[in-house]
Amino acid sequence: MFNFPRLAIATLLALSVSGCAMVSVGSVSSEDYLSARRGDVLTTGKLSASARTALQVVGTDEARCNTNISECRKVLIASIGLSDEQRLSTISELWLQEALQNEEAQKLEPANDALKAATLSAYLESAKHAYAYLFFTSRTPDLRALEDRQAQVRDYYNFSTQQAVVGLFNRYRDQLEKSVSEEKTYLLQFDPWQVSGSTAGISLSHKGQLPNELVAASSLTFKGLRNQYRRDGLGAELVAVFADSVVKQEDENKPWSETPFPSITVMLRFPGNSIESILEGRRVELQGFDPHRNSSVDVRGIRVPLAANFTSGYGLWLARSGFAQESLLSLIGRSETLDKPRIYLMQPFDPNRRVILMLHGLASSPEAWVNVANEVLGDEQLRQNYQIWQVYYPTNLPLPFNNREIREAVNATLRNFDPQGNRRASKDMVLIGHSMGGVLARLMVSNSGDQLWESVLDRYNISAQREKKLRQKIEPYVIFKAMPQPTRAIFIAAPHRGTPYAENRFARFVSGLIRLPATVLSRVTEIGQLLVNPDEASDEPLVGSINSIKNLSDQDPFVRESSKLPISDKVSYHSIMGNDTPGVILEASSDGVVPYASAKLEGAASELVVNSWHSVQEKPEAIVEIRRILHEHLNSLQQGSQQ
């Protein structure tokens, strides 16, 4: 007799061994789910799920493909079991994988020229196949807008473009320099590729010449910047480096400098009218864009967003500036590069964007605005309507001298870029000044009349003969009108009436170290000699001993008199102050340096007090308020134009 249970068990085992399929089910975490769906060669170092599926369809897998990537690509090309989208996206990822592997190999063989060329070629192939996927398959990008795979392939294109362009620049810069024509076009050939392009689309101020260096924005991280602002889209986000040092003036005769670290976006186009013609070709057209001016680009009649990074150029500018050391040397008169105010344009000049002019405080530099400027750049509406100019000035000079010199620098800059003064950039400027910069900003929008001049006459016993000579010497510093361009100002922790802090022991010690430039000292001495009658005893200090710190004292005659000057009627102004004295009533409070009573201005359109020490401009609440005011400025201008 048969033992049925044993026979049944044996039969089941035999069936299972013979290949009868059995399916089981499990569960995955949300983290593993996203990793499986979105992981790829860029994020995990392994091929994406989409690529692995395509390989399985053609009868291979990732492990076998890794042993011979070239043969694997041939199988994918020959297979009829894949759609164009599957084939092109997978081949693009495989070329990218090969390029990344080559880069790792280069670390062991840095002098291997053939390997470098192969790496560049692999990146170009990856970008080319991604380009064909994005714009030459039957479905247009908008029909795949919500698909993970399209986002991955866009990243393959952007990253491969970035690596190829930076690699080509580093490898062939000398050759490119020689080939740039007057039309700003160039041609580069390396086997088997031909690369052509133009710098005409990039609004650079450097006469069309190539930068010293190209830096991938994605490779940069910054300490001190709270956020990095960028725009998703197509193209490689780069920083073009035109100068090794920011504070070194290229031309002492001009007081302005357009950014030597402009952000640019670069695209690679591959000529052809079909997938086949694109893949067979070895021609590449490189096209550069100013991302501040271009938000989208046309590819085969399809408008797509242009990728951009708005922080990296600014961050690199600050990181390489040398401002921290230079600002201290400038304060004590030891700077070899900064003896006059300089205007730094944070982007190439745009006649259609209004100017925000930022003025830092004592012993400071444009670094004081690091997060203020970055947050403005990160606001899409503000970025589209404003351009930032930062004033860097020697903070050892007396207020009257800096007031005059900064005015002249701003006017010279505007005359250079807008000689007729009728473009938007020359109108409705916004001044933002912190501390001493706030006092200077107030002077720039004030009308002195004869008020300051008469106060000098009241304070000194000046003969009629000396009065005429004195007025000739002193008039440029004590008689001025409000600048016509600004129509709004933001004063931040500004000691309009001076501060007792300038009278303490440490401030007096630092003041004693300050040395004025020889040209300024001679002018101050001439004025001092005319003010003090040599035949009369006088308790007045010699004017030749004045400097910026003494000017900021609440006992200083100039700051006390200038605080009474009327601000132009066409200027709306706002105050932002710090309060670092908890438990004290507002009227008696201080930010630790500037008393509230000195910073307060009657007639201000708004006033905000932030719990902060003197560097209140760095506080998030203050930055939000600055952005609010800038939006208000735009809205008021728009409403005015509609009336």
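**Arg-144 and its surroundings**

I began with Arg-144 in this predicted model, and I listed what this residue touches beyond four places in sequence: Glu-85, Tyr-133, Leu-134, Thr-137, Arg-139 and Gln-150. I then placed Arg-144 in the loop between helix H7 (113–136) and helix H8 (148–179). Is Arg-144 buried or exposed? Its relative accessible area is 0%, and because buried means under 20%, I entered Arg-144 as buried. With the side chain of Gln-150, one of the residues it touches, the side chain of Arg-144 makes a polar contact at 2.7 Å.

**The chain as a whole**

I turned next to the totals, and found 23 helices and 18 strands in the secondary structure of the chain. The chain has 643 residues, of which 52% are buried. For the accessible surface I noted about 30,200 Å², with 51% of this area belonging to carbon and sulfur atoms. I also looked up how far along the sequence the contacts reach: of those between residues at least 6 apart, 77% join residues at least 24 apart.

**A covered helix**

Helix H12, which runs over residues 370–377, is mostly covered, and I counted 8 of its 8 residues as buried. Among them are Asn-371, Asn-374 and Glu-375, alongside Val-370, Val-372, Ala-373, Val-376 and Leu-377.

**Gln-387 in strand E14**

I followed the chain to strand E14 (residues 386–392), where Gln-387 lies. This residue counts as buried because its relative accessibility is 1%. Which residues does Gln-387 contact, leaving aside its neighbours within four places in sequence? I recorded Gln-347, Pro-348, Phe-349, Asp-350, Arg-353, Arg-354, Val-355, Ile-356 and Ala-425. For Asp-350 I could add a distance, as its backbone oxygen lies 2.6 Å from a polar atom of the Gln-387 side chain. I also checked His-292, which is 95 residues away from Gln-387 along the chain, and found their C-alpha atoms separated by 9.5 Å.

**From H14 to H15**

I then looked at how helix H14 (residues 399–417) packs with helix H15 (residues 436–444), and noted an angle of about 65 degrees with the axes 10 Å apart. The crossing of H14 past H15 is right-handed. From H14 the contact takes in Leu-399, Asn-402, Asn-403, Ile-406 and Arg-407, and from H15 these meet Met-436, Val-439, Leu-440, Leu-443 and Met-444. I sorted the residues of this contact into 7 nonpolar, 2 polar and 1 charged.

I went on to the loops along this stretch. Asp-428 sits in the loop between H14 and strand E15 (429–434), and its phi is near 55 degrees, a positive value in a residue other than glycine. Ser-435 lies in the loop between E15 and H15, and although Ser-435 is not a glycine, I noted a positive phi of about 55 degrees there. Is Ser-435 buried or exposed? I entered Ser-435 as buried, because its relative accessible area is 8%.

**A cis peptide bond**

My last entry concerns Asp-191 and Pro-192, which are joined by a cis peptide bond with omega at about 0 degrees. Where does Pro-192 lie? I found Pro-192 in the loop between strand E1 (185–190) and strand E2 (193–198).

Definitions and conventions:
Residues are numbered from 1 along each chain as its sequence is written. This is a predicted model: local features need pLDDT of at least 70, side-chain atom pairs count only at pLDDT 80 or more; totals for chains, interfaces and linings use all residues. Side-chain values use heavy atoms; hydrogens and water are left out. Axes are lines fitted to C-alpha atoms, for helices over the stretch in contact, and angles run from 0 to 180 degrees between N-to-C directions. Helices (H or I, at least four residues) and strands (E, at least two) are DSSP runs, numbered from the N terminus. A crossing is left-handed if the near helix is turned anticlockwise from the far one by less than a right angle, and right-handed if clockwise. Contact means heavy atoms within 4.5 Å. Ala, Val, Leu, Ile, Met, Phe, Trp, Tyr, Cys and Pro count as nonpolar, Asp, Glu, Lys and Arg as charged, and the others, Gly among them, as polar. Buried means under 20% relative accessible area, exposed over 50%, partly exposed in between (1.4 Å probe, protein chains only). A polar contact is a pair of N or O atoms within 3.5 Å; within protein, one must be able to donate a hydrogen and the other to accept it, and residues adjacent in sequence count only if both atoms are side-chain atoms. Accessible areas come from the Shrake-Rupley method with a 1.4 Å probe; for residues, only the protein chains shown count as cover.
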